[in-house]
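User: Please give me a close look at one part of this model, starting from a single strand and its partners. After that, go on to the other local details that a first-year student should be able to find in the viewer.

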Amino acid sequence: GTVKNDSATIDESGYAIFTHATIVAEAGVWNLTFSSSENADLHASHVIEVVEGAAEELRFIQHHAGARSGVAMEVQPSLTLVDVSGNRIFVEGTVITASATDGYTLTNATATTDRDGVAAFTGLTVSGRAGSVTISFNSALMPTIQKNISLAAGPIELLNVLVHERSAVAGVAFTSYSHIGVSDAQGNAVTTPVTVLGRCAGSDTWTGVQTNADGVAIFSRQVVTRAGTVECEYRYATGSRVLSTKSSVAVVAASATTVEFVTQPPAKASMGAALSNAPAVRLVDSYGNRVEKAGVTVAVLNSDRALLIANSSVTTDASGIATFGAMTFGGTVGSYRLSFAPSGGIALQAAANTVISAGAARKAELQRQLDGLASGARATTQPILRIADQWGNAVAESGWTASVALTPMLPSPLVEMVSSKL
C-alpha cells in the first residue's frame with residue numbers, strides 16, 4: 001500500500017499536523033509508521049484497519065468466451081466494482097450494461113450486482129457478422145472497460161441459392177453447377193459439414209450433397225426432363241424444422257422423336273371420301289414434351305398393301321401440329337390400324353382401327369352372264385350385276401334399278417346391261 005500526502009512540517013510547538021494524508025491499500029490491517037528524516041530517533045507507529053473505498057472502476061471476475069452469432073455465450077461474463085486500490089465493493093443493485101461495435105446487436109445486455117458486489121450476465125448474446133467484435137461494459141460515473149471476442153457463425157437458419165442454372169434443355173445436364181449455401185440468421189456461412197438435399201420438379205428422388213469448407217453444397221450434373229418453368233427445391237433438416245429454398249429453370253423441349261395425338265383417326269371412313277374428322281398429331285420429344293416447330297414432315301405409315309393412302313404426309317405448323325385434312329383412302333375395304341411418325345422418328349399407332357367401307361359407285365361388273373339365249377324363251381341362266389367403286393369394292397346401294405338392253409352387233413349380238421343411274 002501507499003500513503004499519499006505523507007509528510008507534514010513540525011511547527012514551533014512540536015506538532016506535525018497532517019491534513020491530506022490518504023491511504024491507498026488493499027482492505028485489511030496495516031501498521032502505520034511515522035518518522036523524521038532529520039532525527040532517526042523520532043518515530044512512532046500504530047495499527048489501522050483499511051476498508052474498501054468508493055467505487056472507481058469495473059473489473060472482470062470472469063471473461064466471456066465461446067461466442068456464436070445469435071447464440072448465448074458459452075461462458076457468460078461477470079464483473080464487480082472496485083475502489084482505487086482494487087478492493088471489491090460489496091454493494092448491491094448497481095447496473096452494468098454491455099454494448100458492442102456498430103452493426104452488432106446484443107440481447108440480455110444488462111446485469112445487476114448482488115450482495116457480494118458481483119454482476120453476472122446470463123444469456124448475453126451477440127448477433128452480427130462473424131469476426132472480431134469489441135464488447136464494452138460500463139456503469140454510471142465509471143470508466144468503460146472493453147474486451148475483444150471472436151464471433152463465430154451461429155446455427156443454420158437459412159439456405160441461400162448462390163449459383164443456379166436459369167435455362168436448360170430437357171434431358172441435358174445443366175451447364176452450370178448449382179451452389180447452395182448454408183448460413184445463420186445473420187448470413188454468416190456455417191462451415192461445419194452438413195448434408196443438403198435437392199431435387200427438381202418431375203423427379204421423385206432427393207439427392208444429398210455435403211457442404212464444403214465454405215459452407216456450400218455443390219450440385220453437379222442435374223437433369224430435368226419436364227419442359228416449361230421447372231422449380232428446383234433444396235432442403236436442410238434441423239431438428240423438427242425443415243429449411244427450404246427454391247430456384248426456377250426455364251426448360252425447353254429436346255428434339256422431336258415421336259408424336260402424340262391431338263385428334264385420333266375416325267372410327268369409320270369411305271374410300272375416296274374426305275374424312276369426317278381429320279386426324280392430327282403433335283410433335284413431342286422422348287420425354288413427352290411438346291415440340292413447337294414448323295416444317296417437320298409427318299407421315300401416315302401403312303404396312304398393309306391392300307390400303308392406298310393419298311396425301312399421307314404433311315408438315316407441322318408453328319405449334320408443331322400436323323393435320324391430315326386432305327388424306328383419303330383407296331384400295332380394299334377393311335379395318336386398318338394407322339400409325340403416324342415424324343421424319344426419322346418413332347411411329348405412334350392409333351388407339352383403334354378405322355373401318356373403311358366402299359366409296360361411291362363408279363362401275364358395274366357382270367358376275368354371271370345370260371345363258372340359253374333362245375329367242376322368245378326365258379334364259380336358262382339369269383345374269384347377276386355387281387355395282388362397285390373405282391377400286392372394285394362392292395357398293396351396297398339397295399333400291400337401285402338395273403335394266404337390260406339388246407343392241408345388234410356383227411358378227412353376234414352384244415348384251416349390255418347398265419344401271420338406270422349410271
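Analyst:
**Strand β25 and its partners**

In this predicted model, strands β25 and β27 pair in the antiparallel sense, over three bridges. To find one place where the two strands meet, look at alanine 299, which stands opposite serine 313 in β27. β25 also pairs with strand β31, residues 339-342; these two run antiparallel and are joined by four bridges. Here valine 300 has phenylalanine 340 of β31 as its bridge partner.

Which residues of β25 lie on its covered face, and which on its uncovered one? The strand spans residues 297-301, with Val298 and Val300 on the covered face. Thr297, Ala299 and Leu301 make up the uncovered face. The general pattern behind such a split is that side chains in a regular strand alternate between the two faces of the sheet.

The loop before β27 holds a backbone detail. Asparagine 311 sits between β26 (307-310) and β27 (313-315). Its phi is positive, about 55°, although asparagine 311 is not a glycine. Asparagine 311 counts as partly exposed because its relative accessible area of 46% falls between the cut-offs of 20% and 50%.

Arginine 221 shows a similar backbone feature: its phi is near 55°, again a positive value in a residue other than glycine. This arginine lies in the loop between β19 (216-219) and β20. With a relative accessible area of 60%, arginine 221 is classed as exposed because the value is over 50%.

Strand β20 leads on to the disulfide. By the distance rule, the count comes to one disulfide. Cysteine 200 and cysteine 232 form it, with their sulfur atoms 2.0 Å apart. Cysteine 200 belongs to strand β17 (residues 195-200) and cysteine 232 to strand β20 (residues 228-238), so the pair links distant parts of the chain, 32 residues apart. The angle about the S-S bond is 95°, and the link is right-handed. Are the two cysteines buried or exposed? Both cysteine 200 and cysteine 232 are buried.

Glutamate 165 is buried as well, but it has no salt bridge. The nearest side chain of opposite charge is that of arginine 166, 7.6 Å away; a salt bridge would need a nitrogen to oxygen distance within 4 Å. What does the side chain of glutamate 165 meet in a polar contact with another side chain? Its partner is the side chain of threonine 175, at 2.6 Å. A polar atom of the glutamate 165 side chain also lies 3.0 Å from the backbone nitrogen of serine 176. Glutamate 165 itself is in the loop between β14 (158-163) and β15 (167-169). Leaving out residues up to four places away in sequence, it touches Phe174, Thr175, Ser176, Ser178, Ser248 and Val249.

Threonine 258 offers a last example, this time within a strand: it is found in β22, residues 258-263. Its relative accessible area is 15%, and threonine 258 is called buried because this is under 20%. A polar atom of its side chain lies 2.7 Å from the backbone oxygen of isoleucine 346. Ile346 is also among the residues that threonine 258 touches, when those up to four places away in sequence are not counted. The others in that list are Arg282, Leu283, Val284, Asp285, Pro342, Ala347 and Leu348.

Terms used: Residues are numbered from 1 along each chain as its sequence is written. This is a predicted model: local features need pLDDT of at least 70, side-chain atom pairs count only at pLDDT 80 or more; totals for chains, interfaces and linings use all residues. Side-chain values use heavy atoms; hydrogens and water are left out. Buried means under 20% relative accessible area, exposed over 50%, partly exposed in between (1.4 Å probe, protein chains only). Lys and Arg count as positive and Asp and Glu as negative; His and the chain ends are not counted. A polar contact is a pair of N or O atoms within 3.5 Å; within protein, one must be able to donate a hydrogen and the other to accept it, and residues adjacent in sequence count only if both atoms are side-chain atoms. Contact means heavy atoms within 4.5 Å. A disulfide is a pair of cysteine sulfur atoms within 2.5 Å. Two strands pair if DSSP finds at least two bridges between them.
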